[in-house]
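Me: Could you walk me through this structure in plain words? I'm new to it, so please explain terms as they come up.

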Amino acid sequence: MSATSSRHRGLSGDSQRNAARHRELGLSDHEYELIVTRLGREPNEVELAMLSLMWSEHCAYKHSKRLLRRLPTDGPRVLAGPGENAGALDLGGDLALVFKVESHNHPTAVEPFQGAATGVGGILRDVFALGARPIAVLDSLRFGDPSSSERSRYLLEQTVAGIGHYGNSIGVPTVGGEIYFDPSYEQNCLVDAMCVGLGPRRRLIRSAAAGPGNVLVLLGALTGRDGIGGASVLASSELGDGDEAKRPSVQIGDPFAEKKLLECCLELLDRGLLISLQDLGAAGLTSAASEMASKGGVGVDIDVGSVPLRGPGMAPFEIMVSESQERMLCVVAPDRVAAVLDVCERWETLATPVGKITERGAGARFRVLDHGDSVGELPVALLVDECPLYELQPAAPQSSLYPGTAPVLSPKPAPAEILLALLRSPNIASRRPVFEQYDPVVQSRTVRRPEQADAAVLALAPPDAGAGAIAVSIDGNGRRVACDPRAGAAEAVFECAANLACVGAEPLGLTNCLNFGNPEKPHVAWQLQEAVEGLRAACEALALPVVGGNVSLYNESPDGPILPTPVVGIVGKLPDAARAGQLGFARAGDAIALVGPFAPRRAGSELARLQGEAPAGALARKHVPAVLEAHAQVRSMVRSGALRSAHDVAEGGLAVAVAECCIAGGVGARVRLPDGIDPFGEDLGSAFVVSGDPQALAGLPLIGAVGGERLVLDGLLEMDVEELREAYGGALGQLLR
Amino acid sequence: MKFGIVRFPGSCDDVDALDAAARVGDAELLWYRDRDLRGADAIVIPGGFSYGDYLRAGAIARFAPVMEAVIEFAAAGGLVLGICNGFQVLCEAGLLPGALLCNTSLRFVFRQVLVDVADPHTPFTRAAPPRLSLPVKHATGRYYSPEPVRVVLRYAPGENPNGSQDEIAGVCNEAGNVLGLMPHPEHAVDPLTGSTDGLAIFESIRAHVGDLVQA
């Protein structure tokens, strides 16, 4: 089919109009010229729409791909790594664990309820696209200062409602997450959703298309105009004024449709009816089909005339790039199509053959038809592989990119005043008002719910195999990364792994979401490069493969970039669910010990923020072998039952960690802090507050004992646990009225 | 004895109810399009979001073919337990009086609550202790009835999570063979994942069915 064929109905024939449109669609002049050279002609409207999305930052990772190659992705347990819809690890006994975190930042900033809801819906599809049943959701959220910004309170409230709306009604428990507030997120809130799935290894499926003659079947919802241009217009440019005009670009979620789609897909896989499966996310059919084709080294035909539409009058390019939710694309052998349609009918899920696999080979083409007439034809390789990758131009800033804020504390606060202020800080206070809006128990696996332990624990009940359990946690503190991107990003990994150690779990794999500002700016490029280097070093130290994730760039407003916010999610395993650790002090008379090489500093701490300081200054350098040893020691003592509680020392330092153990356990403690230790200084992921029988803790550095109704930090403060509980428990609820 | 657990499109706690029931008897899932209850001695309408809670929670599920058989089964004195969304379905189907409204908070709420057994003389509570610790998780759980109803479960003082009338957590029909409750007994059957207080509901059902078989 030549470009000048009269059957090429989509071709505009007006190259000037086209040339202006490519900029509107987010392609640079240079990129557009590459396309024209490669094709030997101007792309038509359909082709331009497809290319602009596939060549967007969101789909092509053109500013981050080279950096991401530095992360370790291999390991003995890795079944699927980056490139698949989600990562997968071998859990032994024919069991695979599938997981991924993904951002939905810009859609949420425009329409928080639907943006957050469809963020959950998207990550769930990524996981069941591999053949795993989603068993847990976690969310990492960032908003502007809630005490001064009504908009941030609104975003928080609507985001939480949207996450709950989707996760609760689809029957997947939301078991954890984290929330931080900082003025830099005022215009660019972050919503990163992580999903963990579980399934038999034999059911795992890849997305690579195969077999010329096989049929492409579109599953799920009708295709409508929602999300058109989402990937290019929304996800790959800075937000500014007039974003309400982008509202139609945000997708609308239907968890009921996805629940049926989920059950339907798992049944199709159980019956062995599919050759490959892929979810439709950013760039809709275009991205799904071209990536399936690229991975399989085949060509595809898709006839937009057979795609079931929500309403009449959609142009072929709109159908190709629609981001309507709750859809999947699968490859089916012709003699099995009828069986596939039967299963879908049973689940009241729409299923329509929309195309076929055409050819093998490096020159394979992606052809778009409209009722049999060609309306676009592109080499698969051009769509998927040939977007130019850009080198970052990193430069370290001379001073902090982020201003200090108005101090919350008096100039010379008493220790008790500091402790209360920290417990009330929206970055530390109890998350109960949020997680009470999520169902954490559906599927009957949840051994540790939020606030019971530092990581969520999910039992591997029969018939899954064995009596072990999965642990999962998600972490990232942008303020500390802003101080020192390399050390801060590494610290996030150690902190997340420390959470797993507290429940007795060994970390097995990691997924990450890199949320940064505009990478074309040298300071942001430097943050990104340093943070990836920190992640690499920490993952290598922990022997953790990075099996997937995503990158969200251009989180920037006229006031500047967001705090550099790499978010990491780690999954791990423990042998005995009944021995999963918990965080609260449990019994009066137990000894308390501080385990690990704790070297806290004030720089980058929550207290520094409360005192109005900018995020600047060096973080503590970690003695990595000693940190790893502490993790292993706590993990092993939790597993053996020697510890009655374990909690890692994080934001707010040692004083807050001990207070949290008291509040969670509803019991007091008397503690003598080690000499020279800043009670509110921070060194995340290095040290643990643990408690247990004094004999069981023999040999550990003891710092106190559990008992009474007051928290006593010798020489520093003495307060009722009830007063601490009120400060800690009430703060976030007041913001969420 | 055998429990039949109805599965609608959008049911979420169906497998949880199946596993809980299987701890005290045989249990089998019943497909919403079938009118055959497959010889079940007691029916559980589980929690979740049948038909997405679209239109109104439970309003569409009541028209599913399986409900014709459930209504006949209940009319013949068979035991029917509706949990959360199942409670909503039973109210919509007219098997229970009253209705469930939006929580006063207008938000979904998850909480472990204490529930008092107000009527221990039902087939569902005969083996239950006076107070149970059970999780609630719903957005539409505020019970309302303009008529007097037979209250079986009440939230303990200070525990009402949704603004329910007279602290009502569960009601039965006049004959006492149909119970609906908002708390989730099927999520309280294993010490590993919370309390085991919910088992008492399933054990009561088993005891009652056992008596019927002997009689």
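Me: How many aromatic pairs does a search of the whole structure find?

Reply: The search finds 9 aromatic pairs over all chains, where rings of Phe, Tyr and Trp (its six-membered ring) pair if their centres lie within 6.5 Å, and planes under 30 degrees apart count as stacked, over 60 as edge-to-face and the rest as tilted. A:Phe143 and A:Phe181 form a tilted pair, with 6.2 Å from centre to centre and 35 degrees between the planes. This pair links distant parts of the chain, since A:Phe143 is in strand β4 (residues 133-143) of chain A and A:Phe181 is in strand β5 of chain A, 38 residues apart.

Me: Hang on, where do these numbers and names come from?

Reply: This is a predicted model, in which local features need pLDDT of at least 70 and side-chain atom pairs count only at pLDDT 80 or more, while totals for chains, interfaces and linings use all residues. Residues are numbered from 1 along each chain as its sequence is written, chains are lettered from A and ligands numbered from 1 in the order in which they are written, and side-chain values use heavy atoms, with hydrogens and water left out. As for the element names, helices (H or I, at least four residues) and strands (E, at least two) are DSSP runs, numbered from the N terminus.

Me: Back to that pair: are A:Phe143 and A:Phe181 buried or exposed?

Reply: Both A:Phe143 and A:Phe181 are buried, with buried meaning under 20% relative accessible area, exposed over 50% and partly exposed in between (1.4 Å probe, protein chains only). In chain B, the rings of B:Phe87 and B:Tyr143 count as stacked because their centres are 5.7 Å apart and their planes are at 15 degrees. B:Phe87 lies in helix α3 (residues 85-92) of chain B and B:Tyr143 in strand β8 (residues 142-144) of chain B, so this pair ties together parts that are 56 residues apart in sequence. B:Phe87 is buried at a relative accessible area of 0%, and B:Tyr143 is buried at 1%.

Me: Which residues form one aromatic cluster?

Reply: A:Phe256, A:Trp347, B:Phe8, B:Trp31, B:Tyr32, B:Tyr51 and B:Tyr54 form one cluster. One of these rings, that of B:Trp31, has A:Arg346 over its face, at 4.1 Å from the ring centre; a charge sits over a ring if NZ of Lys or CZ of Arg is within 6 Å of the ring centre and within 35 degrees of the ring normal. The charged end of B:Arg62 likewise sits over the ring of B:Phe63, 4.5 Å from its centre.

Me: Switching to strands, why is β21 of chain A largely enclosed?

Reply: Strand β21 (residues 565-574) of chain A has 9 of its 10 residues buried, so it is largely enclosed by the rest of the structure. Strand β16 (residues 469-475) of chain A runs antiparallel to β21(A), joined by 7 bridges, and two strands pair if DSSP finds at least two bridges between them. Strand β17 (residues 506-515) of chain A is also antiparallel to β21(A), with 9 bridges. Within β21(A), A:Val568 is the bridge partner of A:Asp475, and A:Ile570 is that of A:Leu510.

Me: What about empty space, how many cavities of 30 Å³ or more are there?

Reply: There are 5 cavities of 30 Å³ or more. On a 1 Å grid over the protein atoms alone, a cavity is a set of points where a 1.4 Å probe fits but cannot get out, and lining residues have an atom within 4 Å of a point. Grid points are joined across faces, edges and corners, and a volume is the space filled by probe spheres set on the points. The largest cavity has a volume of about 100 Å³ and is lined by 16 residues, of which A:Tyr180, A:Asn427, A:Asn477, A:Arg479 and A:Leu563 lie nearest its centre.

Me: And the second largest cavity, how much space lies in it?

Reply: The second largest cavity holds about 60 Å³ of space, and its lining residues include A:Tyr180, A:Asp475 and A:Asn477. The largest share of its lining, 4 residues, comes from α18(A).

Me: Last one: which residue has a positive phi of about 65 degrees although it is not a glycine?

Reply: That is A:Tyr554, in the loop between β18 and β19 (556-557) of chain A, and it counts as buried because its relative accessibility is 8%. A:Ala543 also has a positive phi, near 55 degrees, but A:Ala543 counts as exposed, at 62% relative accessibility.

Note on methods
On a 1 Å grid over the protein atoms alone, a cavity is a set of points where a 1.4 Å probe fits but cannot get out, and a pocket is an open set with protein on both sides within 12 Å along at least five of seven lines; lining residues have an atom within 4 Å of a point.
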